[in-house]
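The following exercises concern a single protein chain. Each task is followed by a solution that proceeds step by step.

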Amino acid sequence: MLGLIAITMLGLLFVTFLIGRVMPIDPVLAIVGERASAETYQQVFEDLGLDKPLLVQFGYYLWDVLHGDFGVSLLTAHPVSEDIGRVFPATLELATLGTLMGVLLGVPLGVIAAVSRDSWIDQIARVVALVGYSMPIFWLGLMGLLIFYGILGWVGGPGRVGISYADVVPPVTGMILIDSALDGNWDVFRDALSHIVLPASLLGYYSLAYISRMTRSFMLEQLSAEYITTARVKGMSERAVIWRHAFRNIRVQLITVIALSYANLLEGSVLTEIIFAWPGIGSYITNALLSADMSAVLGGTVVIGLIFIILNVGSDLLYRFLDPRAK
């Protein structure tokens with residue numbers, strides 16, 4: 001497995017390296033500006049190693065990345081690794097809450113829909129999932145801000161906390177809810193919770209739509225199996241049939257579904273972060289791309305790819321733990 005992980009990571013780094021070379025953005029001009037002299041341009045061109053063969057450039061890139069060096073961001077003038085360490089916890093906090101909502105609501109909804117197949121409950125569950133797949137998240141985000149923040153005032157506005165609470169809590173984990181709880185500052189905690197609840201609910205809804213749909217599909221397959229019929233004939237209660245037998249046999253499949261959903265929220269929350277002015281890695285990569293800051297773009301891309309690898313490996317290990325037959 002370690003060999004497969006190493007090969008996957010190497011492939012990821014090679015792809016991101018090629019992306020940086022084929023993008024129609026001149027990294028030298030992004031540094032020196034269009035008014036720089038030809039001598040200055042050539043000097044920076046050589047300093048970046050762009051005059052060397054492509055494989056040599058990739059070797060330098062690989063060496064730097066393996067040592068945690070993604071270069072310096074043109075936008076912030078800070079090392080990209082420091083920037084990612086600063087913004088990633090915000091995305092992690094948002095995506096984690098969204099995934100928890102999706103799991104806690106999506107799994108029971110999928111089970112109930114499967115058990116009540118073709119009933120009005122099943123129809124409602126399928127419509128909920130369909131709307132979650134169909135509605136553009138930027139539209140839902142704007143409508144949510146308009147209704148729940150602008151009109152009703154039930155939630156906080158854009159950003160992680162209000163202006164009066166900014167930088168009040170010392171960063172420990174980078175996740176404002178945990179840091180404010182550790183600091184015992186419950187005013188900041190409540191304010192941060194009011195800001196995160198709406199964007200997390202939107203991501204949770206998208207996660208719920210995917211998880212409930214897959215749960216329903218898995219459960220329908222199990223409920224039509226012969227061993228379920230046998231269990232019912234033997235007089236086993238319906239609750240035991242559903243949860244002790246059918247659901248128990250889909251846990252392994254659900255692990256993969258939840259891991260993919262979590263990875264997608266970590267990677268795909270760009271629009272949500274932009275709409276809610278959430279200072280996460282999605283906003284960071286977007287701003288870097290608009291500013292032709294390729295070091296930041298590639299650094300963020302590598303981190304997101306690494307997360308996918310870690311979650312897939314973790315789900316595979318958990319898969320083998322729960323199902324010894326997979327070993």
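**Exercise 1. An annotated span**

What percentage of the chain over residues 127-152 is helix, what percentage is strand, and how far apart are the end C-alpha atoms?

*Solution.* Begin with the basis of the values. This is a predicted model, in which local features need pLDDT of at least 70 and side-chain atom pairs count only at pLDDT 80 or more, while totals for chains, interfaces and linings use all residues. Residues are numbered from 1 along each chain as its sequence is written, and side-chain values use heavy atoms, with hydrogens and water left out.

Next, fix the terms: helices (H or I, at least four residues) and strands (E, at least two) are DSSP runs, numbered from the N terminus. Residues 127-152 are then 88% helix and 0% strand, with end C-alpha atoms 26 Å apart. Residues 94-115 are 100% helix and 0% strand, and here the end C-alpha atoms lie 32 Å apart.

Finally, consult the record. The unreviewed UniProt entry carries the annotation "transmembrane region" for residues 94-115, 127-152, 192-211, 254-278 and 298-319. UniProt positions are given in the numbering used here, feature names are shortened, and annotations may be inferred rather than shown by experiment.

**Exercise 2. The chain as a whole**

Determine the secondary structure, extent and surface of the chain.

*Solution.* The chain has 15 helices and zero strands. Its C-alpha trace spans about 85 × 50 × 35 Å along the principal axes. The accessible surface (Shrake-Rupley method, 1.4 Å probe; for residues, only the protein chains shown count as cover) is about 17,900 Å², and carbon and sulfur atoms hold 66% of it.

For burial, the classes are buried (under 20% relative accessible area), exposed (over 50%) and partly exposed (in between), with a 1.4 Å probe and protein chains only. Of the 327 residues in the chain, 40% are buried.

Contact means heavy atoms within 4.5 Å. Among contacts with a separation of 6 or more, 71% join residues 24 or more positions apart.

**Exercise 3. Nonpolar cores**

Which helix supplies the largest share of the largest nonpolar core?

*Solution.* A nonpolar core is a set of buried Ala, Val, Leu, Ile, Met, Phe, Trp, Tyr and Cys residues joined through side-chain atoms within 4.5 Å. The largest one has 44 residues, and those with the most contacts inside it are Leu13, Tyr61, Ile84, Leu266, Ile281, Val302 and Ile307. Helices that each supply at least two residues of this core include H1 (2-22), H5 (80-115) and H15 (294-322). The largest share, ten residues, comes from H15.

Ile307 is in contact with Phe88 and Leu266, leaving aside neighbours within four places in sequence. Another core, of 17 residues, lies apart from the largest; among its members are Ala114, Ile228, Ala246 and Val257.

Ala246 also appears among the buried residues of helix H11 (residues 238-246), together with Ala240, Val241 and Ile242. The buried residues of H11 pack against H5, H9 and H10 (226-233).

**Exercise 4. Two buried polar residues**

Which residues are in contact with serine 212, leaving aside its neighbours within four places in sequence?

*Solution.* Serine 212 lies in helix H9 and is buried, at 4% relative accessibility. The residues in contact with serine 212, beyond four places in sequence, are Gly106, Leu109, Gly110 and Ala129. A polar atom of the serine 212 side chain lies 3.3 Å from the backbone oxygen of alanine 209.

Apply the procedure to threonine 272, in helix H13. This residue is buried at 1% relative accessibility. With neighbours within four places set aside, threonine 272 is in contact with Leu94, Ile137, Pro199 and Leu203.

**Exercise 5. Positive phi**

Where does alanine 77 lie?

*Solution.* Most residues other than glycine have a negative phi. Alanine 77 has a positive phi, near 65 degrees. Alanine 77 lies in the loop between H4 and H5 and is exposed, at 58% relative accessibility.

Alanine 277 likewise has a positive phi, of about 50 degrees. The loop between H13 (270-275) and H14 holds alanine 277, which is partly exposed, with a relative accessible area of 48%.

Notes
Polar contact = N/O pair within 3.5 Å; in protein donor to acceptor, adjacent residues only side chain to side chain.
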